[in-house]
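Morning, everyone. Let me put one structure up, and we'll walk through its packing.

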Amino acid sequence: MSEEKQYRKVKVTAGKRGWGGPLVIEPKPDKPYIYCVTGGGIHPIAQRIADLTGGEAFDGFKSKRDFSEIAVAVIDCGGTARIGVYPMKGVLTIDIHATKPSGPLFRFIKAENFVSGVGPDDIQLID
């Protein structure tokens, strides 16, 4: 008999000069991935969320997952396309840069699905 993995929730708030949120991130068995698309492996923000929640940090540049499997996407976009792709696909999105809705997909970026300027202290475990 296998035990189902237990996940925890974190609250992610906008950092200094950031925008949006707060977001509550809670991976699930069918949505375990803390999807990192920052271009340098797993960013420390993605790893912190994975460590706190029990989710799986995943490098989105090395391989792909379905949008439906992503608990949150961690990006480093300054405000062009990537900033809106994940919100458009229904994926909660964290931008490590302090950006506001912009770019060709800005209409999909809402405070309910996006937060920016996030640093380690902006991520708190929820009991």
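I'll take the nonpolar cores, then one strand and its partners.

First, a caveat: this is a predicted model.

Start with the largest nonpolar core. It has 18 residues. Val12, Ile34, Ile49, Ile94 and Ile123 have the most contacts inside it. Which elements give two or more residues to this core? Strands S1 (9–12), S2 (23–25), S3 (33–37) and S5 (70–75) do, along with helix H1 (44–53). H1 provides the largest share, with 5 residues.

Now look at isoleucine 49. What does Ile49 touch, leaving aside neighbours within four places in sequence? From the valines, Val10, Val12, Val72 and Val74. From the isoleucines, Ile25, Ile34, Ile94 and Ile123. Gly54 is in contact with Ile49 too.

There is also a second core, separate from that one. This one has 13 residues, including Tyr35, Phe58, Ile70 and Ile83.

On to S1. Its side chains alternate. Val10 and Val12 point to one face, and both are buried. Lys9 and Lys11 point to the other face and are not buried. Why expect that pattern? Because side chains in a regular strand alternate between the two faces of the sheet.

Next, the pairing. S1 pairs with strand S8, residues 123–126, in the antiparallel sense, over 4 bridges. In S8, isoleucine 126 stands opposite lysine 9. S1 also runs antiparallel to S2, with 3 bridges joining them. There, lysine 11 has valine 24 of S2 as its bridge partner.

To recap S1: it gives two or more residues to the largest core, and it pairs with S8 and with S2.

Technical notes. Residues are numbered from 1 along each chain as its sequence is written. This is a predicted model: local features need pLDDT of at least 70, side-chain atom pairs count only at pLDDT 80 or more; totals for chains, interfaces and linings use all residues. Side-chain values use heavy atoms; hydrogens and water are left out. A nonpolar core is a set of buried Ala, Val, Leu, Ile, Met, Phe, Trp, Tyr and Cys residues joined through side-chain atoms within 4.5 Å. Buried means under 20% relative accessible area, exposed over 50%, partly exposed in between (1.4 Å probe, protein chains only). Contact means heavy atoms within 4.5 Å. Two strands pair if DSSP finds at least two bridges between them.
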